[in-house]
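Hi everyone, thanks for making time. I'd like to walk you through a structure that may be new to you, so have a look at the screen.

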Amino acid sequence: MSKPLRALILEDYKYDAMLLLRELRHGGFDVDYVVVDTANGMRTALAEREWDVILSDYSMPGFDALKALDVLHEHGADIPFIIISGTVEEDVAVTAMKAGAQDFFSKNKITRLVPAVEREVQEAQERQKRRTAERLYQQSEARFGTIISVNPV
């Protein structure tokens, strides 16, 4: 049974985007995707629909993963951001992770893609559940006051 996945792909080479899609499909995903390679394209894609994951090349002409993370932060959505790059230098990977990327690996380690997507999508769903529970708790406190539980001795 295939798992639905909405993937926003930030990539300037069609072949590399197709490589990601092939790996995701091989891993059991039914991928609904859009490929963009500019900040404006990313903003449009984020405004038009909801995404389960963003898969980004590190460096594209005029646009890179760090700028893409800025666009994602401007948008304010909690979408897992995974960087898959042709070359990965440790200091670049550390900078990207500090900027908010959930994972960063080389395109020659593409077999890491499916487990990374599964893990990050699951963690994002858990964060959403926690936010929903916290919001409901705060609404109940506002409506009924703080509930104090007293255990009789």
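**Salt bridges and one buried alanine**

Let's start with Asp 52, which is buried, at a relative accessible area of 18%. One thing to keep in mind throughout: this is a predicted model.

So what does Asp 52 form a salt bridge with? The partner is Arg 6, and the closest N and O atoms are 2.6 Å apart. Asp 52 sits in the loop between helix H2 (39-48) and strand S3 (53-56), while Arg 6 belongs to strand S1 (residues 3-10), so this pair ties together parts that are 46 residues apart in sequence. Arg 6 counts as partly exposed, with 30% relative accessibility, whereas Asp 52, as I said, is buried.

Next up is Lys 107. Its salt bridge goes to Asp 16, with 2.7 Å between the closest N and O atoms. Where do the two residues lie? You'll find Lys 107 in the loop between strand S7 (103-106) and helix H5 (113-144), and Asp 16 in helix H1 (residues 14-26), so here the pair ties together parts that are 91 residues apart in sequence. Are they buried or exposed? Lys 107 is buried, at 18% relative accessible area, and Asp 16 counts as buried too, at 16%.

That pair also has company: Glu 11, Asp 16, Asp 57 and Lys 107 are linked in a network of salt bridges. Hold on to Asp 57, please, as we'll meet that residue again in a minute.

Now for a pair of sequence neighbours. Glu 120 forms a salt bridge with Arg 119, and their closest N and O atoms are 3.0 Å apart. Glu 120 is buried, with a relative accessible area of just 4%, while Arg 119 comes out as partly exposed at 35%.

How many salt bridges does the count come to? It comes to 13, and the ones I've shown you are among them.

Last stop, Ala 65. You can spot this residue in helix H3 (residues 65-75), and at 0% relative accessibility Ala 65 counts as buried. Which residues does Ala 65 touch, if we skip anything up to four places away in sequence? They are Ser 56, Asp 57, Tyr 58, Phe 81 and Ile 83. And there's Asp 57 again, the residue from the salt-bridge network. One more distance for Ala 65: its C-alpha atom is separated by 9.3 Å from that of Ile 82, and the two residues are 17 apart along the chain.

That's my tour, thanks for listening!

Notes:
Residues numbered from 1 in each chain as written. Predicted model: local features only at pLDDT ≥ 70, side-chain atom pairs only at ≥ 80, totals over all residues. Heavy atoms only, no water. Salt bridge = Lys/Arg side-chain N within 4 Å of Asp/Glu carboxyl O. Helix = DSSP H or I, 4+ residues; strand = E, 2+ residues; numbered from the N terminus. Buried < 20%, exposed > 50% of the residue type's maximum accessible area, 1.4 Å probe, protein only. Contact = heavy atoms within 4.5 Å.
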